[in-house]
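Look at the structure below, then work through the questions. Each answer ends on what was asked for.

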Amino acid sequence: MIGLEISWTLLVDLFVLPMMFAVAMFALLDPLMGAWREFFNAIREPLGLPGVVSTRVFEVGPLGVAIPYFTAGSFWPEPRDLQTGWLVTVVLFAVSFFLKDRWLPFGYLLRFLSAIQLTAQLWFTFAAPPFTYDLASYTAGLLICGVVILVLSPFLVAFTFHIFDFLLWQKVAMGTLLLAHLSVLLPLQAAVHTWVIHRASLLAMPMLFLVFGVLLDVFVYVALYGWGMSWRSGGVLDAVERRPPTMPARYPEGRPRPTPTPQSVRAITPIGSQIIRALGYGSMLVRRLGLGGRP
Amino acid sequence: MNTLVAFANIGLWVCIVILAIYTLRHYFFTLNRLFGRHRQPFVDVIQADWPSLVVFVPAHNEERVIRDSLDALLTCDYPEDRLKIVPVDDRSTDDTRNILKEYAENYPGRIIPFLRDEGIPGKAAALADAMALHQDEIFLVFDADYIPGERLLKQLVAPFFDAEVGAVMGRVVPLNVGLSLLTRLLDLERAGGYQVDQQARMNLRLVPQYGGTVGGVRRAALEHVGGWNVDSLAEDTDLTVRLVIAGWEVVYQNRSECYEEVPETWESRIRQIKRWAKGHNQALRRYVAALLTNRSRLPLAQVLDGALLLGVFVVPLVLAVGWLCTIILFFAGYPPEWGRFTVLAISSFNTVGNFAAFFQVAAASRLDGSRERIRMLPFLFLGFLVSTFAVGRASLSRASWLRGRPVQWQKTERHREGRANVGGNGGRA
């Protein structure tokens, strides 16, 4: 059965390569944070976000990373916001029941989203201000989490992708692609979260945190990983080409159908075939022993 | 409020630990399948003194598929004088019974239908009644939509040359893969479950599961553990655990592939997974204590793997509770640290059913040489979502946990082109 072998190069790919990526990423964090800061400064006014772009220092042992974030605030939802929220929740929930057949999973997705939003609706209907989080600290927290994911994701790539027989450049490409993608995605994600919560009140924060935060980042990784795993490596695992059938279910073409037992045999008894076979063996034995005589 | 927060915090930790155990287990299995030594006992034996064999094909309203299955079985290379094919018809209301009579007439002595109109309904009860009439050494069971390859019977019987083997399971490969998003996702899930998960458990001498569809059992082993549990909702899991507890080995043959028709509609899939969940949870309730207290006879690894196998359909509930605790902690002002939240997020990309994690599915597809379809990986999230709702509802139902519930035929809808009205030999040349 096909499989892989443990080799020194594999161990290097598994431990040294991600370490190099992590160190390189850590070294590049300062210029990357500078780029994020420039990006935030550039889009702050067009997005209509008040305040400034500030920085929060995230300490990793003796080292620190200055992570930029928006200082824009948000507000406790007003009755009109709550009413809109209830309407959206009910519409999402109701629409989910009209999505059937092949759209059914999207119906379940809508139900999941409406359940999450329902918790926010109930909280902001019955609780009193202030909310536990302000928008600025939420955004900073989101980006700090993103930076941690950035530094540690090479190890996730190593333990799920480098274990296969891909070429070195493919392994490097996968790690680079993921880091490049996250480097662009994370500030965009933070900007969208900030803008939505600033405009739509704190009512939007639970949904964004729970569904469109880390879960989205993992989704991105799984999608990239799926693409990378479909690359042709030229290694052992590409040697097999067991193509599972993709035609609609039916009896496999080219396979012979069985031949029914002859009517003459069926007419004798249900065990007729066994008797006929026994007679056949008997006549063969007679011929072998030369007892049959010749005409 | 503080009490609620404390409970949510502890609850989330418990959920994270359980989810992490399952995720690591799948990772370990993936590594074993990729790098380990594989066990395939006697799979290449083609000449032997083959034991007498009965192939049972339980059927309930299977007019669309039963012909293909019987035709395929008739062309298998198992010695004819040692093979009997017994389609077990249990109260079919369509044309299944007439088809079986037609086959019995066309293949006398080879196809011996067992027609059933009374007694407890359900697959386990039907099999118990049918098997009681046969004294052959080995019993194989195929679902009516399965199309075995020519060598499959010998491959599945060969492991029984080892006297300690009580049951054998082959690999299930979907036949109708390219029809919809669902069938493609199920193909990925089946690949992960069989190519990696089952084979790794076989390699590690843990608890490969006898799946009840492409496999068989030694009659002596079946009698030793008391036969089929007729009130079982998942007779395959039930039998697997009883065999393991009694000291029999269950073997998985990865190269023994058999084609099946996977559900083509989400409604059908939901019904299927709810049935699995109820049956699995029933087996969990019945046997987990016996398994855990049987430490003196079984290796610890086998005991732990058996317990984790039984708990597979509780995991979606654990994940749901984990999300609930996260929501509570978020609103209470104690959002879970990124580490715990990341584990929760990653766990959300584990599919239910054969419960293969996304990297396990990717590894399996790669081993199968089907690279392109791995790009469907992120869509597993949709399948997971539907499964979680379905398993959650099934796990909370009474049938999952209570003893002695009446069982009935709960079958998966067939979509194959109907040939039921074609006369004679099915219109074939």
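**Questions on a two-chain model**

Q: Which helices and strands of chain B are included in what covers the buried residues of H4(B)?
A: Buried means under 20% relative accessible area, exposed over 50%, and partly exposed in between, using a 1.4 Å probe and protein chains only. Helices (H or I, at least four residues) and strands (E, at least two) are DSSP runs numbered from the N terminus, and contact means heavy atoms within 4.5 Å. The cover includes strand S1 (53-59), S2, strand S3 (114-116), S4, helix H7 (219-224) and helix H8 (235-245).

Q: What kind of model is this?
A: Residues are numbered from 1 along each chain as its sequence is written, chains are lettered from A and ligands numbered from 1 in the order in which they are written, and side-chain values use heavy atoms, with hydrogens and water left out. Local features need pLDDT of at least 70, side-chain atom pairs count only at pLDDT 80 or more, and totals for chains, interfaces and linings use all residues, since this is a predicted model.

Q: How many of the nine residues of H4(B) are buried?
A: The buried residues are Lys123(B), Ala124(B), Ala125(B), Ala126(B), Leu127(B), Ala130(B) and Met131(B). The helix is therefore largely enclosed by the rest of the structure, and the number buried out of nine is seven.

Q: Is His134(B) buried or exposed?
A: His134(B) sits in the loop between helix H4 (123-131) and strand S4 (138-142) of chain B. Leaving aside residues up to four places away in sequence, it touches Val54(B), Phe56(B), Lys84(B), Val86(B), Phe139(B) and Arg219(B). Its relative accessible area is 9%, so it counts as buried.

Q: Which side chain is joined to that of His134(B) by a polar contact of 3.4 Å?
A: A polar contact is a pair of N or O atoms within 3.5 Å; within protein, one must be able to donate a hydrogen and the other to accept it, and residues adjacent in sequence count only if both atoms are side-chain atoms. At 3.4 Å, the partner side chain is that of Lys84(B).

Q: Is the peptide bond from Pro129(A) to Pro130(A) cis or trans?
A: Most peptide bonds are trans. Pro130(A) is in the loop between helix H3 (104-126) and helix H4 (135-162) of chain A. With omega near 5°, the bond from Pro129(A) to Pro130(A) is cis.

Q: Is Asp101(A), with its positive phi of about 55°, buried or exposed?
A: Most residues other than glycine have a negative phi. Asp101(A), not a glycine, lies in the loop between helix H2 (79-96) and H3 of chain A. Its relative accessibility is 52%, so it counts as exposed.

Q: What is the relative accessible area of Arg91(B)?
A: Arg91(B) also has a positive phi of about 55° without being a glycine. Its loop runs between strand S2 (83-90) and helix H3 (96-106) of chain B. It is partly exposed because its relative accessible area is 25%.

Q: How many residues does the largest nonpolar core have?
A: A nonpolar core is a set of buried Ala, Val, Leu, Ile, Met, Phe, Trp, Tyr and Cys residues joined through side-chain atoms within 4.5 Å. Phe164(A), Tyr225(A) and Leu377(B) have the most contacts inside the largest core, whose residue count is 131.

Q: Between which domains of chain B does this core lie?
A: Domain bounds come from an automatic or database domain assignment. Both domains give residues to this core, so it lies between domain 1 (2-36 + 309-400) and domain 2 (53-269).

Q: What separates the centres of these two domains of chain B, taken over C-alpha atoms?
A: The domains touch: 31 residues of domain 1 of chain B are in contact with 30 residues of domain 2 of chain B. Their centres are separated by 30 Å.

Q: How many disulfides are found over all chains, and how far is the sulfur of Cys258(B) from the closest cysteine sulfur?
A: A disulfide is a pair of cysteine sulfur atoms within 2.5 Å, and the search of the whole structure finds zero. Cys76(B) is buried at 8% relative accessible area, and Cys258(B) is buried at 0%. The sulfur of Cys258(B) is too far for a bond because its distance to the closest, in Cys76(B), is 8.6 Å.
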